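Let's take a walk through this one together. Have the sequence and the model open side by side, and we'll go from the ligands outward.

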Amino acid sequence: MIQRIAIIGLGTMGPGMAARLARGGLQVVAYDVAPAAIERARSILGIAEGVLDSLGVTSPASGAGTVRFTDDIADAVSGADLVIENVPENISIKADVYRAIDGLIGPETLVASDTSGIPITKLQAHISHPERMVGMHWSNPPHIIPMIEVIAGEKTAPQTVATIRDLIRSIGLLPVVVKKDVPGFVENRVLYALLREAVDLVERGVIDPEDLDTCVSWGIGYKIAVIGPMALLDMAGLDIYKSVSSFLNADLSNRDDVAPMVLQKTNASKFGIKSGEGMFSYTPEQIKALQGERARKLVAVRRILEGRE
Ligand SMILES: NC(=O)c1ccc[n+]([C@@H]2O[C@H](COP(=O)([O-])OP(=O)(O)OC[C@H]3O[C@@H](n4cnc5c(N)ncnc54)[C@H](O)[C@@H]3O)[C@@H](O)[C@H]2O)c1
Ligand SMILES: Cc1ncc(CO)c(C(=O)O)c1O
């Protein structure tokens, strides 16, 4: 049974994951190699807890768990039933973490990666007990989005998948077990198909970035939260899909490299909210306001989708 969880990496994803797991009654120890990341995580933990309050996420009868921060990786993983690796999307950085914890974790400890899409089979090559390693792909913001993908690599034991799936369920979240270890798993394959086309349309001047967002959020986005893609095909009619896809599929972007517009921006360190500029520009005040407004709207939508309002 999973009771103690170590989170390695406290950037965009780590603090919200820590808050959500602790709310589920788990004892979390949170570690980052960068002291500034630990301080930032400490300061935003309370915000995530406030959002969980407004979502009505309650703790089990046994009580809420805890989050403890540490700057010592051995301390973080000591006694952990599960280690969640949450460091940047780079195999060599992730492999360094697996090597560092290999001799520190117990024989029963499970290791999960929050990778956005590196096949688990590739990550398993860097750990001594690959049968205990699994993909556990959260969605951002992790304290609000309930779905988590669970992915087995070639060497993952079925019991490891079952334990992580049951853990996710036991704290009121929604596990989806992906049946094949394909790059990007399912959520990001679908998201990146959409993002490739969206970036291409903006880059080719078909539409302005603001209007692209209005079109997708108030058209497909709003609808798809209620009617998933497979159900949408039935709603539209497979005959319509057949006719449209017979001419449209061939015209969609099929570029297999990173779009020049994205490269130009990343080369100029324009990464989005984290750097103050990306597709749009943001002042620090705007970022704070946006984050609050987005959390409030996501909470309200989720409450309605769950039939609670
Ligand atoms: N950002 C997202 O929307 C999102 C969503 C789901 C999954 N993911 C995945 O989750 C993982 C983390 O993403 P993120 O966006 O939180 O990254 P991030 O860059 O915001 O944060 C990564 C953190 O890891 C820390 N770190 C780097 N090396 C470390 C080490 N050796 N030991 C401990 N900490 C270390 C960094 O200091 C940083 O705080 C990635 O694999 C990413 O693909 C990201
Ligand atoms: C652009 C992008 N890439 C990856 C992920 C998750 O792996 C997300 C997300 O969760 O929102 C994302 O937006």
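**Two domains and what sits around the ligands**

The shell around ligand 2 takes at least three residues from each of domain 1 (4-178) and domain 2 (187-305). Keep in mind as you look around that this is a predicted model. Those two domains are the ones given by the domain assignment of the protein, and their contact takes 12 residues from domain 1 and seven residues from domain 2. Their centres, taken over C-alpha atoms, are 27 Å apart.

Let's stay with ligand 2 for a moment. Which residues surround ligand 2? They are Ser116, His137, Ser139, Asn140, Asn188, Leu191, Tyr192 and Leu195. Sort that shell by class and you get five polar residues, three nonpolar ones and no charged ones. The element that gives the most is helix H7 (residues 187-203), with four residues.

Now for the polar contacts of ligand 2. Serine 116 has a polar side-chain atom 2.6 Å from an oxygen atom of ligand 2, and histidine 137 has a polar side-chain atom at 2.6 Å from an oxygen atom of ligand 2 too. Asparagine 188 joins in with an N or O atom of its side chain, 2.8 Å from an oxygen atom of ligand 2. The protein buries 66% of the 320 Å² that ligand 2 exposes when taken alone.

Next, ligand 1. How many residues surround ligand 1? There are 24, and the closest are Thr12, Asp32, Glu89, Lys94 and Ser116. Ser116 is worth a second look, since it is listed among the closest residues here and also in the shell around ligand 2. By class, the shell around ligand 1 divides into 12 nonpolar, eight polar and four charged residues. H4 supplies the largest share of this shell, three residues.

Zoom in on the polar contacts of ligand 1 and you'll find side chains and backbone involved. The side chain of aspartate 32 puts an N or O atom 2.7 Å from an oxygen atom of ligand 1. Aspartate 114 has a polar side-chain atom 3.1 Å from an oxygen atom of ligand 1. Valine 33 uses its backbone instead, with an N or O atom 3.3 Å from a nitrogen atom of ligand 1. On its own, ligand 1 has 830 Å² of accessible area, and the protein covers 77% of that.

Let's leave the ligands and turn to helix H1 (residues 14-23). Is H1 mostly covered or mostly open? H1 is mostly covered, with 10 of its 10 residues buried. Among those buried residues are Met17, Leu21 and also two arginines, Arg20 and Arg23. The cover over the buried residues of H1 includes strand S1 (4-8), strand S2 (27-31), helix H2 (35-55), strand S3 (66-70) and strand S4 (82-85). Just after H1, look for glycine 25, which takes a positive phi of about 95 degrees.

Three single residues round off the tour. Start with threonine 160, which has its place in helix H6 (residues 158-170). Is threonine 160 buried or exposed? Its relative accessibility is 5%, so threonine 160 counts as buried. A polar atom of the threonine 160 side chain lies 2.7 Å from the backbone oxygen of glutamate 131. Leaving aside neighbours within four places in sequence, threonine 160 is in contact with Leu110, Glu131, Arg132, Met133 and Val134.

Arg132 turns up again when you move to glutamate 108, which touches Asp81 and Arg132, not counting residues up to four places away in sequence. Glutamate 108 is found in the loop between helix H4 (91-102) and strand S5 (110-113). Its relative accessibility is 65%, so glutamate 108 counts as exposed. Measure across to histidine 129 if you like: glutamate 108 and histidine 129 are 21 residues apart in sequence and 9.6 Å apart in space, C-alpha to C-alpha.

Last stop: proline 183, in the loop between strand S8 (174-178) and H7. With a relative accessible area of 49%, proline 183 is partly exposed. Not counting residues up to four places away in sequence, proline 183 touches Gly117, Pro119 and Arg189. Tryptophan 138 is 45 residues from proline 183 in sequence and 15 Å from it in space, C-alpha to C-alpha.

How values were computed. Residues are numbered from 1 along each chain as its sequence is written. Chains are lettered from A and ligands numbered from 1 in the order in which they are written. This is a predicted model: local features need pLDDT of at least 70, side-chain atom pairs count only at pLDDT 80 or more; totals for chains, interfaces and linings use all residues. Side-chain values use heavy atoms; hydrogens and water are left out. A residue is near a molecule or strand if one of its heavy atoms lies within 4 Å of it. A polar contact is a pair of N or O atoms within 3.5 Å; within protein, one must be able to donate a hydrogen and the other to accept it, and residues adjacent in sequence count only if both atoms are side-chain atoms. Accessible areas come from the Shrake-Rupley method with a 1.4 Å probe; for residues, only the protein chains shown count as cover. Ala, Val, Leu, Ile, Met, Phe, Trp, Tyr, Cys and Pro count as nonpolar, Asp, Glu, Lys and Arg as charged, and the others, Gly among them, as polar. Domain bounds come from an automatic or database domain assignment. Buried means under 20% relative accessible area, exposed over 50%, partly exposed in between (1.4 Å probe, protein chains only). Contact means heavy atoms within 4.5 Å.
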